[in-house]
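Take a look at the protein below. This report goes through its strands, its core and a few chosen residues.

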Amino acid sequence: MKIQARKISSTPKSFSLEKNIQGDIVKLSGKIQEARGQGQKGLFLLEGRLSGEITLVCDISGEEYQKTLDEELVLYISDGIWDAQSQSLETFDVIEFFDGFIDLDFILQSEIESIKLDYHHKGE
């Protein structure tokens, strides 16, 4: 699902996206809006929830196991290059898109891959 960046305003726009990623059903839902007061046009704030179940591999035993996801996400998104040096935003985590669209499928896939790359212990 892609949202045209120029159609996002300071009024929150709700979204919900459910995907089957490598056999795991995950859902990203929330709202997206212009990030007000951050000093740059083309900066957006995504506040959402990542939920579902994913298959992980235990780093100790090597066994696969299912983990239930229920995580809040707060992400900043830029329509174009984000110049962190000249901005007042106190985060370095800004996702950049360059075609005038915000790709929520890409964001969901990236969040899942980030979780899978972390250290996992089946007992947690």
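Two strands pair if DSSP finds at least two bridges between them. Keep that in mind for the strands described here. The model is a predicted one.

## Overall layout

The protein chain holds one helix and seven strands. Along the sequence, the pattern reads β-β-β-β-β-β-β-α. The chain has 124 residues, and 37% of them count as buried. Contacts often link distant parts of the sequence. Of the contacts with a separation of 6 or more, 54% are between residues 24 or more positions apart. The chain exposes about 7,500 Å². Carbon and sulfur atoms supply 46% of that area.

## Strands that pair

Start with E3, which pairs with E2 and is also joined to E4. E2 and E3 run antiparallel, with nine bridges between them. One bridge has Leu17 facing its partner Leu28 in E3. E3 and E4 also run antiparallel, again with nine bridges. Here Glu34 has Phe44 in E4 as its bridge partner. In a regular strand the side chains alternate between the two faces of the sheet.

How many residues lie between E2 and E3 in their hairpin? Two residues separate these strands. Gln22 is found in that loop. Gln22 is not a glycine, yet its phi is positive, at about 55°. Gln22 is also exposed, with a relative accessible area of 61%.

## The nonpolar cores

The largest nonpolar core has 27 residues. Which members touch the most others? They are Ile32, Ile102 and Ile107. Several elements give two or more residues to this core: strands E2 (13-21), E3 (24-34), E4 (43-57) and E5 (64-79), and helix H1 (104-117).

Look at Ile102 in more detail. Leaving out residues up to four places away in sequence, Ile102 touches Met1, Lys2, Ile3, Ile8, Ile32, Phe44, Ile77, Phe97 and Ile107. Phe44 is thus a contact of Ile102 as well as the bridge partner of Glu34.

There is also a second, separate core of five residues. Among them are Ala35, Leu43, Tyr76 and Val94.

## An aromatic pair

The structure holds one aromatic pair. Its partners are Phe97 and Phe106, arranged edge-to-face. Their centres are 5.8 Å apart, and the angle between the planes is 80°. Are the two rings' residues buried or exposed? Phe97 is buried, at 9% relative accessible area. Phe106 is partly exposed, at 45%.

## Two aspartates

Asp24 lies in strand E3. Is Asp24 buried or exposed? Asp24 counts as buried because its relative accessibility is 4%, and buried means under 20%. The side chains of Asp24 and Lys116 are joined by a polar contact of 3.5 Å. Leaving out residues up to four places away in sequence, Asp24 touches Lys19, Glu53, Ile54, Thr55, Gln66 and Lys116.

Asp103 lies in strand E7, which covers residues 101-103. Asp103 has 19% relative accessibility, so this residue also counts as buried under the 20% cut-off. With residues up to four places away left out, Asp103 touches Met1, Lys2 and Phe97. Phe97 therefore links back to the aromatic pair, where it is the buried partner at 9%. A polar atom of the Asp103 side chain lies 3.1 Å from the backbone nitrogen of Asp105. Where does Ala5 sit relative to Asp103? The two are 98 residues apart along the chain, and their C-alpha atoms are separated by 9.7 Å.

## Accessibility side by side

The table gathers the relative accessible areas given above.

| Residue | Relative accessible area | Class |
|---|---|---|
| Asp24 | 4% | buried |
| Phe97 | 9% | buried |
| Asp103 | 19% | buried |
| Phe106 | 45% | partly exposed |
| Gln22 | 61% | exposed |

Definitions and conventions
Residues numbered from 1 in each chain as written. Predicted model: local features only at pLDDT ≥ 70, side-chain atom pairs only at ≥ 80, totals over all residues. Heavy atoms only, no water. Core = buried A, V, L, I, M, F, W, Y, C linked by side-chain atoms within 4.5 Å. Buried < 20%, exposed > 50% of the residue type's maximum accessible area, 1.4 Å probe, protein only. Helix = DSSP H or I, 4+ residues; strand = E, 2+ residues; numbered from the N terminus. Contact = heavy atoms within 4.5 Å. Phe/Tyr/Trp six-rings, centres within 6.5 Å; stacked < 30°, edge-to-face > 60°. Polar contact = N/O pair within 3.5 Å; in protein donor to acceptor, adjacent residues only side chain to side chain. Areas by Shrake-Rupley, 256 points an atom, 1.4 Å probe, with all protein chains shown as cover.
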